[in-house]
Amino acid sequence: MMGLMPSEETRTMTPPTVRSSAAHDAGKAGGASTRAWTMRLLVLGIVLSALNLRPAITSLGALLEEVRDGLGMSGSVAGLLTSVPPLCFAVFGVMAPRLARRFGAGAVVCAGMVAIATGLLIRPYAGGTAGFLAGSALALMGIAVSNVLMPVIVKHWFPDRVGSMTGLYSMALALGTALAAAVTVPLTDTLGGSWQTGLALWAGLAVAAVLPWLPFVRGRVTPPGAEKAAGAATGGNPVQDREETTSAQASAPAEHARVEAPRLRMARSRTAWALAVFFGLQATAAYITMGWMAQIFRDAGVPAGSAGLLLAVTMVMGVPLAFVIPRLATRLPHQGPIVLALGVCGLVGYAGLYLAPAAGAWAWAVLLGIANCAFPLALTMVGMRARTGPGVAQLSAFAQSTGYLISIPGPLLVGVLYQHSGGWGLPIALMSALMIPQMVVGFLAGRDRTVEDEAAR
């Protein structure tokens, strides 16, 4: 009994703070491991989601002639079909911040991937033009909300790496866009030549993108730095650390970037309007390119497989440049020079499409691919023109929804001009004319200022 006393006494006199410190250290190690896996999973979710944000459109562009023949579409109706993406992005994109506040951005993006998979699977077999449009709208609804929320998630989880993470996201988006354009026709031929099968197979990629977001659906994942901030606030006391960590986790926005800040009056911000118009005009050019460029080359005598490959080249230019341009943009005080350089490439590419569409096809495809990198630049500027996560959410919704509304008439008008003029002269002239105001408003949107300052005036 006496031999046991020292041991007992030692246990009795062990300071509670020592035990608390040991438990705290173990908890920190476990928390660090959990956060590391959370961040890896989040990056995987962002990349897979980005891969799914354009195949619904470019796979259709590659098979547009077959779809038109199969459904009996005229050129004007096909133009309407190529205008559906920006229409859906405008209508559904504006709902994204409200849905994120209620359900969390992770849950909304997860639901968006489900909508993409479902829409892509049913639209080829829905029967008739109306069913095809309805299935397309469902897929595009999922794309729309994910489009708006991706900059929010990047700003919230990677506030010190907005440029590099936007570049990674944009690079994956460009890769998915190019992949669908390049392989849809060969895969369709391999699988029996049915355009329905060629379009439906992209639903599988969307299903894969659902999985990484499932842990984020219930909103139990907290942002990195909440515990660190709490520990710093208490001076490192382990008992206070736990108390302050609990408080920080309760008060900090969850993974899904709930937006609780007062709404900004974006319509009062000149920068927000410049960014919205820039977004709209670059989207006009992008959707005209995705919807019609393969047809331009086919009408010039380029075989269908080669035309799809040329469209893929245009899209794949965004893979390296979508990573480089956002990183460069975040290091410049003014992004206007990048806007002008991309615009010049677009004007030269359009001139080439008019003068020698087949002879210089590869050069025009490359130049228009460079011009299309205005999209990752616009996304980067969304993250730079607002100081806070809620500000980015509101600016992203305003710029994208307004921008996509602006872009709706472009692809439709190209289809109408093509059908009634019997050639590509007038449509290409329209594309060239729209590039000029795109360069002007993009230069204005690139100025070093934030919408919080302007919207609060």
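Good morning, everyone. Let me start at A351, which lies in helix α17, residues 336–355. This is a predicted model, so please hear everything I say in that light. A351 counts as partly exposed, at 36% relative accessibility. Its C-alpha atom and that of A429 are separated by 8.7 Å, although the two residues are 78 apart along the chain.

I have a few more residues of that kind, where sequence distance and spatial distance can be set side by side. Take A107, in helix α7, which covers residues 105–122. A107 is buried, at 15% relative accessibility. Which residue goes with A107 in space, 110 residues away in sequence? That is V217, with 4.2 Å from C-alpha to C-alpha.

Then there is G391, in helix α20. G391 is buried too, at 2% relative accessibility. Its C-alpha lies 8.1 Å from that of R263, and 128 residues of chain separate the pair. Please keep R263 in mind for the pockets.

P376 sits in helix α19, and with a relative accessible area of 4% this proline is buried. P376 and G318 are 58 residues apart in sequence, and their C-alpha atoms are 8.5 Å apart.

Now, cysteines, since somebody always asks. How many disulfides does a search of the whole structure find? The number is 0. As a reminder, a disulfide is a covalent bond between the sulfur atoms of two cysteines. Why does C373 not have one? The closest cysteine sulfur, in C345, is 9.4 Å from the sulfur of C373, and that is too far for a bond. The cut-off used here is a pair of sulfur atoms within 2.5 Å. As for surroundings, C373 is buried, with a relative accessible area of 1%. C110 is another buried cysteine, at 6%.

On to the rings. The structure has 10 aromatic pairs. Ring pairs join F279, Y287, F375 and Y404 into a cluster. F375 has a charged partner as well: the charged end of R54 sits over the F375 ring, 5.1 Å from the ring centre. If you are looking at the structure now, find W37 too, where R40 lies over the face of the ring, 4.9 Å from its centre.

F375 brings us to the inside of the protein. The count comes to 7 cavities of 30 Å³ or more. In the largest cavity there is about 240 Å³ of space. Its lining takes in 21 residues, and those nearest the centre are L173, T177, M315, N372 and F375. So F375, which we met in the aromatic cluster, is also one of the residues nearest the centre of this cavity.

Which elements give two or more residues to that lining? They are α9 (162–190), α14 (270–299), α15 (304–316), α16 (318–331) and α19 (374–384). Helix α14 has the largest share, with 6 residues. Sorted by class, the lining of the largest cavity has 13 nonpolar, 7 polar and 1 charged residues.

The second largest cavity has a volume of about 150 Å³. It is lined by 16 residues, with I57, L60, L81, T82 and P85 closest to its centre. Two or more lining residues come from each of α3 (55–62), α5 (75–93), α8 (128–157) and α14. You will recognise α14, the helix with the largest share of the largest cavity's lining. By class, the second largest cavity has 11 nonpolar, 4 polar and 1 charged residues in its lining.

Last stop, a pocket. The second largest pocket holds about 200 Å³ of space. Which residues line this pocket? They are V94, M95, P97, R98, R101, R263, M266, Q394, A397 and F398. There is R263 again, the residue whose C-alpha is 8.1 Å from that of G391. Two helices, α6 (96–103) and α20 (389–407), each supply at least two residues of the pocket lining. The classes here are 6 nonpolar, 1 polar and 3 charged residues.

If you would like one residue to click on while we talk, I would suggest F375. It belongs to the cluster with F279, Y287 and Y404, has the charged end of R54 over its ring, and lies among the residues nearest the centre of the largest cavity. Thanks for listening, and I am happy to take your questions.

Notes:
Residues are numbered from 1 along each chain as its sequence is written. This is a predicted model: local features need pLDDT of at least 70, side-chain atom pairs count only at pLDDT 80 or more; totals for chains, interfaces and linings use all residues. Side-chain values use heavy atoms; hydrogens and water are left out. Buried means under 20% relative accessible area, exposed over 50%, partly exposed in between (1.4 Å probe, protein chains only). Rings of Phe, Tyr and Trp (its six-membered ring) pair if their centres lie within 6.5 Å; planes under 30 degrees apart count as stacked, over 60 as edge-to-face and the rest as tilted. A charge sits over a ring if NZ of Lys or CZ of Arg is within 6 Å of the ring centre and within 35 degrees of the ring normal. On a 1 Å grid over the protein atoms alone, a cavity is a set of points where a 1.4 Å probe fits but cannot get out, and a pocket is an open set with protein on both sides within 12 Å along at least five of seven lines; lining residues have an atom within 4 Å of a point. Grid points are joined across faces, edges and corners, and a volume is the space filled by probe spheres set on the points. Helices (H or I, at least four residues) and strands (E, at least two) are DSSP runs, numbered from the N terminus. Ala, Val, Leu, Ile, Met, Phe, Trp, Tyr, Cys and Pro count as nonpolar, Asp, Glu, Lys and Arg as charged, and the others, Gly among them, as polar.
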